[in-house]
Amino acid sequence: MIWNETIECMDREEMRKLQGIRLKRVVERVYHNTPFYRKKMQEMGVTPDDIESIEDIVKLPFTVKQDLRDNYPFDLMAAPMSEIVRLHASSGTTGKPIVVGYTRKDLSIWSEVVARCLTAVGVTKQDMVQVAYGYGLFTGGLGLHGGIENLGGTVIPMSSGNTQKQIQLMHDFGAKVLACTPSYALFLGETIKDSGIPREEFLLKTGIFGAEPWTENMRKEIEESLGIKAYDIYGLTEIIGPGVGGECECQNGTHLWEDHFFPEIVDPVTLQPVEPGQQGELVFTAITKEGMPMIRYRTRDLTSLNYEKCACGRTAVRMARILGRSDDMMIIRGVNVFPSQVESVILELPEFEPHYLIIVDRVNNTDTLEIQVEVRSEFYSDEMNKMISLKKKITDCMQSVIGIQPKVKLVEPRSIERSMGKAKRVIDNRKLV
Amino acid sequence: MLIKQLSIFLENKRGRFTEVAKLLGDAGINLTAFTVAENSDFGILRLIVSDDEKAIDILKEQRYAVSVTDVVCLRCPNVPGSLAKVMDIITNAEIFVEYMYAFSQGDDANIVIRPDNLERCVEVLKSNKLILLAASDLYKL
């Protein structure tokens, strides 16, 4: 099923024309309404008249997260505050949060794109969807919520946490779809198992997971643990929230809704566009947004784009699985390490639970990498040498994948914190001056 | 003639063993024998207790990583040379000992053995007229 066939299956040339028209309009909007963009464009000697087609996007300046902080709270708005009907914010781990504003039209675009994502994975108006993303300033809960209502499905607005109740209502109401972070999905799977309620008594069939990067192995793990099909939904607060793109039933790349969010891939160092299909940093321009349209916003997400038509019939560009946010990349003893690499190793090995914690530190001027993992109950042994060889096995696998030898620490069952929202999987204790 | 030994995986963290001891103590479960194998970041606590099923339930409920292993326990005189005699029999029968521990009580010494081949070990010890303790004997101690 396709929610908006005209757009999702549009001829690529037609799409580029549409994007060009919309780009011109949004550039005019920000040039006239947002001093920040006007100043930047003037510095580069660009005016809205220079934008005639989507190809001209390369003439425009980039925007980065720091720009949102510097313009906190409302200086990046391109609509008067009287037109802004909702605010969301993302919790900055350091310093100020970033704030985004939506006009009524922005909200309707949001519920449109989320409805596309839901439809793409087979959700219909007959279905009940349990939203276990946090509601509030975080875009996850309300973003999904609007999309489900637009589709005509039934929302269970659970928000995150309260895991026992999540399971009870999922069971009693007969939710068919679950929307939350992949790490919370795992925790729910574990808790359902513990609850002793037979899996057959749940109607759950589909999961829509996002808000944190996850690996293909994590998908398998969740699908097995919950007995569902698991799909990626992609988004970021700065652009709109969840629904910037989503997977279809082919599970072969995340379709980006490029009639609203124009994607580019650039080399993160030179900022030049990469060859089609090459990996680089994902950059978005929100070409239809009114409240706070981002121009060439650098997501820090590393991925590649595939413009071939998908087996599902959609022509909408597909994004490869995100290797990691370049912000997440750890440089340990000079080696680039992504948490997603660590995750893929752990999920590859049947002896370990899919939960982990990475602790980076610096001892005597040398970086240390500790990875804490839990052994699955059936693999605990009374023999020390078996436990030690288990530890050696995972250490060796890690070393071959990430290129440096980590210190693996086997920890007790359930001692790694289970996340209700975005999992905190890396602790970097290095004090870098 | 086999005894059920519980093995618990514990991180080397302050107070972990205390918690286990207290948990079992509060449930009225007695520790007949125990030993700890440790390395730098974790240990394996091996226990023989008065009520293994109850202990397993309690430990699992508290999310301890507990597994059950069959071991043999033999009794020999608490005098110099008796361990050597036992070990000689085991070695000659080509049985490999994964680990063992012992505790003595007055005139008796009790040796808990986890051999690589349990059946054969029992057979060899029996044929050499050594006294193997049953679970019920141990819990009386």
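Visitor: I've got the model open. Where do I start, and how does H10(A) pass H11(A), left-handed or right-handed?

Guide: H10(A) passes H11(A) in a right-handed crossing. Keep in mind as we go that this is a predicted model.

Visitor: Which residues do the meeting there?

Guide: On the H10(A) side, look for Gln341(A), Val342(A) and Val345(A). They meet Cys397(A), Met398(A), Val401(A) and Ile402(A) of H11(A). Sorted by class, this contact has 6 nonpolar residues, 1 polar and no charged ones.

Visitor: And at what angle do the axes of these two helices cross?

Guide: Roughly 140°, with the axes coming within 10 Å. Here H10 covers residues 339-348 of chain A, and H11 covers residues 384-402. The cut-off for roughly antiparallel is over 145 degrees, so H10(A) counts as oblique to H11(A).

Visitor: Okay, on to sheets. In what order do the 4 strands of the open sheet in chain A come?

Guide: Read across the sheet rather than along the chain. The order is S10-S11-S12-S15 in chain A, and the pairing is antiparallel.

Visitor: Which strands stand at the edges?

Guide: Strand S10 (261-266) and strand S15 (324-325) of chain A. Each has a single partner strand, so one side of each lacks a neighbour in the sheet.

Visitor: Can you zoom in on one pair?

Guide: Sure, take S11 (residues 280-286) and S12 (residues 297-303) of chain A, which pair in the antiparallel sense over 4 bridges. To find your place, go to Phe284(A): its bridge partner in S12(A) is Tyr297(A).

Visitor: Now chain B. How is it divided?

Guide: Into domain 1 (2-69) and domain 2 (71-140). Taken over C-alpha atoms, the centres of these domains of chain B are 22 Å apart. The contact takes 11 residues from domain 1 and 12 residues from domain 2 of chain B.

Visitor: Which strands supply the domain 1 side?

Guide: In chain B, strand S1 (2-11) and strand S2 (31-38) each give at least two residues to the side of domain 1 that touches domain 2. That side of domain 1 of chain B divides into 5 nonpolar, 5 polar and 1 charged.

Visitor: Last stop: how many residues does the contact take from chain A and from chain B?

Guide: It takes 15 residues from chain A and 16 residues from chain B. You'll meet H11 again here: H11 and strand S20 (407-411) of chain A each supply at least two residues of the side that touches chain B. By class, that side of chain A has 8 nonpolar, 2 polar and 5 charged residues.

Key
Residues numbered from 1 in each chain as written. Chains lettered and ligands numbered in written order. Predicted model: local features only at pLDDT ≥ 70, side-chain atom pairs only at ≥ 80, totals over all residues. Axes fitted to C-alpha atoms, helices over the stretch in contact; angles between N-to-C directions. Parallel < 35°, antiparallel > 145°, perpendicular 65-115°, else oblique. Left-handed = near helix turned anticlockwise from the far one by under 90°. Contact = placed C-beta atoms within 7 Å. Nonpolar A, V, L, I, M, F, W, Y, C, P; charged D, E, K, R; others polar. Pairing = 2+ DSSP bridges. Domains from an automatic or database assignment.
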